[in-house]
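Me: Hi! Could you walk me through a structure? I'd like to go topic by topic.

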Amino acid sequence: MPVLLSTVVEPFLTDRATLTRRGLTDGSRAGYRQDVVTWAHQVASDLGRLGDDDEDPLAVLTADDLTELNVKNAYRQIRAREAASTVQRRVGTLRLFVRWLQMEGHLAVDPTLRIEAPERPVRLPAGWDDGELLRLAKVAWEVAPGDKRRWPARDRAAFALLSTTGVRASELCSLTDRSVRVEDDGEAVLTVIGKGNRQRNVPVPPEALRVVQEYVAERDERFGPPEHAAPLLRLSSGRPLQRGALNHLVDGWIRRSGVAKQEGEAAHGFRHTFAKGLIRSGVPAPAVQALLGHEDLKTTGIYVKATASDVRDAVLVSPSRRVLREVDAALPSPGTVAPDVTGGTPAAAR
């Protein structure tokens, strides 16, 4: 008897968590589930089985409904409305799901065999140059009298950590007081829990550490000593700083400074800037990979390509090009004989 998708999705996710080397984070689990729900919703809609938007599509479809025709029709709709990178991820999840259904004996044929996911577009990260970063810093360091929502010390600490460690927005918001430690030799280290619950240690320069310590002193004066594993960065109300609030804060810096906003989340522009700055400074790609927490060196390679693009652009605006154009313009046209400035017979006539 065909099984309802609603009865097999959770076992599939549990199996994925077991088979994946590092397990599944809550975010990854939710992402897999949302991908399956997206496919189910489109197939169920195409088949006319959804009565209203609140109905669970997993409860009205069986594994047998995942035919090649139904999946192809759903794929056309999903591809027409979503970004290529999102479609690529959704196709990958569906392939994992249907192969699991096959192994469990719930599905005879893989309906995704003839689907070719779109290639993920490679967008080179932009980042900000030194002048733009300085403009952002000046805005973050501003004191706005009368604005109770602004907390200059907290804003400076967020800026310092984003710009000098390259952490993701979610990683920054997950930091606690215990995440920052000063070693016996005086060097500060930031312990970050990144994607896949992977831990990495990132050095914190003295300038950033001082800014963070000033904020912590002011925070503790406001709210008292923090509890164990309490969040490092807080809102002015005392609640933890969340990713949405952080990006809103950075959006404000971008707007007031007049610099160009990068693609994606506002705070992620600092990560791009940090990575490209390291590559330009000659830091080896594997070291940048470790600092950023990339599992695959190919991901870090995007920054290498982006920096190569910057170098190429710099060559194109080189003043030497003007010198070459001017000296080239002074030369005779091909086929003519240049005058012998020494007064002798032209070389071509000898």
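Reply: Happy to; we can talk about the fold and then one helix.

Reply: This is a predicted model, where local features need pLDDT of at least 70, side-chain atom pairs count only at pLDDT 80 or more, and totals for chains, interfaces and linings use all residues. Residues are numbered from 1 along each chain as its sequence is written, and side-chain values use heavy atoms, with hydrogens and water left out.

Me: Thanks! How many helices and strands does the protein have?

Reply: There are 13 helices and three strands, taken as DSSP runs numbered from the N terminus (helices are H or I, at least four residues; strands are E, at least two).

Me: And what share of the residues is buried?

Reply: Of the 350 residues in the protein, 39% are buried. Buried means under 20% relative accessible area, exposed over 50%, and partly exposed in between (1.4 Å probe, protein chains only).

Me: Switching to helix H5, which of its residues are buried?

Reply: In H5 (residues 130-140) they are Glu-132, Leu-136, Ala-137, Val-139 and Ala-140. These residues sit on the same side of H5 because they cover an arc of only 160° around the axis; the arc is that of the directions from the helix axis to the C-beta atoms.

Me: What about the other side of H5: buried or exposed?

Reply: Asp-130 and Lys-138 are exposed there.

Me: Nice. Which helices cover the buried residues of H5?

Reply: The cover includes helix H6 (152-165), H9 and helix H10 (268-280).

Notes. Contact means heavy atoms within 4.5 Å.
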